[in-house]
Amino acid sequence: MEQAIFGGYLDAVAEQHPDAPLPVLHQSDRLLEDAVRLRSQMGEERFFAALNQSGGGATPGLGGLGGLGNLGDLAAGAGGGGWTPARFDRAVAVRVTGAERTRLVQALTRSLFTGYVQTGAWLDMEAGLKAMTAHAQSLGYDGVVLFLDELVLWLAQHLSD
């Protein structure tokens, strides 16, 4: 079910808003473990230089992310200050739906781990729906409508799975 809902949302965002950062709907623990390992291998200076090249400045026309900050902030780090070792460590320690962790995952998937955007296990339904609706709000939408009849049909088709 997560594949149908979250995958469909990611496809729709990529089509309708190709320049907007995608929401983090996959579990990010393994990505962050890899990032910590890569940081150790590359060294502080090279790692953070690469991470901070993931984007900068505000994304025009996009509002706040429901308490998660501006999408431009997601690209360059809150306030455009970029990622530092202390900020990185704080973000890694935050729970899966935390704003700073989301910012870090988005920066990592735009810079050093571009293949992680569509890989890994989905978030649980509750956390994923929260992330999805916050992201939709940041794009200027007032809500997300899930058509339950379509969901029931999808479930019926995949019942044998």
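**Entry 1: Phe-88**

I began with Phe-88, which is buried in this predicted model. Its relative accessible area is 0%, and the limit for counting a residue as buried is under 20%.

I then asked how many aromatic pairs a search of the whole structure would find. The search returned three aromatic pairs. I recorded the geometry of two of them, beginning with Phe-47 and Phe-48. The centres of these two rings are 5.1 Å apart and the planes stand at 90 degrees, so I noted the pair as edge-to-face. Phe-48 and Phe-88 form another pair, with 5.8 Å between ring centres and 85 degrees between planes; this pair is therefore edge-to-face. I noted that the cut-off for that label is over 60 degrees.

Which parts of the chain does the pair of Phe-48 and Phe-88 link? Phe-48 belongs to helix H3 (residues 44–51) and Phe-88 to helix H5 (residues 85–93), and the two are 40 residues apart, so I recorded a link between distant parts of the chain. Through ring pairs, Phe-47, Phe-48 and Phe-88 make up a cluster.

I also checked how well the other two rings are covered. Both Phe-47 and Phe-48 are buried. For Phe-48 I noted a relative accessible area of 6%.

**Entry 2: Arg-87**

I moved to Arg-87, also in helix H5. Is this residue buried or exposed? Arg-87 is buried, because its relative accessible area is 8% and the cut-off is under 20%.

I looked up the partners of Arg-87 next. Arg-87 lies over the face of Trp-83, 3.8 Å from the ring centre. The side chain of Arg-87 also makes a polar contact with the side chain of Glu-100, at 2.4 Å. Glu-100 is itself among the buried residues of helix H6.

**Entry 3: helix H6**

The contact with Glu-100 led me to H6, which covers residues 99–111. From first C-alpha to last, this helix of 13 residues reaches 19 Å, close to the 18 Å expected at 1.5 Å a residue.

Why did I describe H6 as largely enclosed by the rest of the structure? I did so because 10 of its 13 residues are buried. The buried residues include Arg-101, Arg-103 and Gln-106. Leu-104, Val-105, Ala-107 and Leu-108 are also among them, as are Thr-102 and Thr-109.

**Entry 4: helix H7**

I examined H7 (residues 125–138) in the same manner. Its 14 residues should span 20 Å at 1.5 Å a residue, and the end C-alpha atoms are 20 Å apart, which agrees.

At the start of H7, I found a side-chain oxygen of Asp-124 within 3.1 Å of the backbone nitrogen of Glu-126. Along the helix, the buried residues are Ala-127, Gly-128, Met-132, Ala-134, His-135, Ala-136 and Ser-138. After H7 comes Gly-140, with a positive phi near 100 degrees.

**Entry 5: the chain as a whole**

I closed with the overall values. The chain has eight helices and zero strands, and from the N terminus its elements run α-α-α-α-α-α-α-α. Of its 161 residues, 38% count as buried.

For contacts between residues at least 6 apart in sequence, I noted that 69% join residues at least 24 apart. The accessible surface comes to about 8800 Å², and carbon and sulfur atoms account for 54% of that surface.

How values were computed:
Residues numbered from 1 in each chain as written. Predicted model: local features only at pLDDT ≥ 70, side-chain atom pairs only at ≥ 80, totals over all residues. Heavy atoms only, no water. Helix = DSSP H or I, 4+ residues; strand = E, 2+ residues; numbered from the N terminus. Buried < 20%, exposed > 50% of the residue type's maximum accessible area, 1.4 Å probe, protein only. Contact = heavy atoms within 4.5 Å. Areas by Shrake-Rupley, 256 points an atom, 1.4 Å probe, with all protein chains shown as cover. Expected span 1.5 Å × (residues − 1). Polar contact = N/O pair within 3.5 Å; in protein donor to acceptor, adjacent residues only side chain to side chain. Phe/Tyr/Trp six-rings, centres within 6.5 Å; stacked < 30°, edge-to-face > 60°. Lys NZ or Arg CZ within 6 Å of the ring centre and 35° of its normal.
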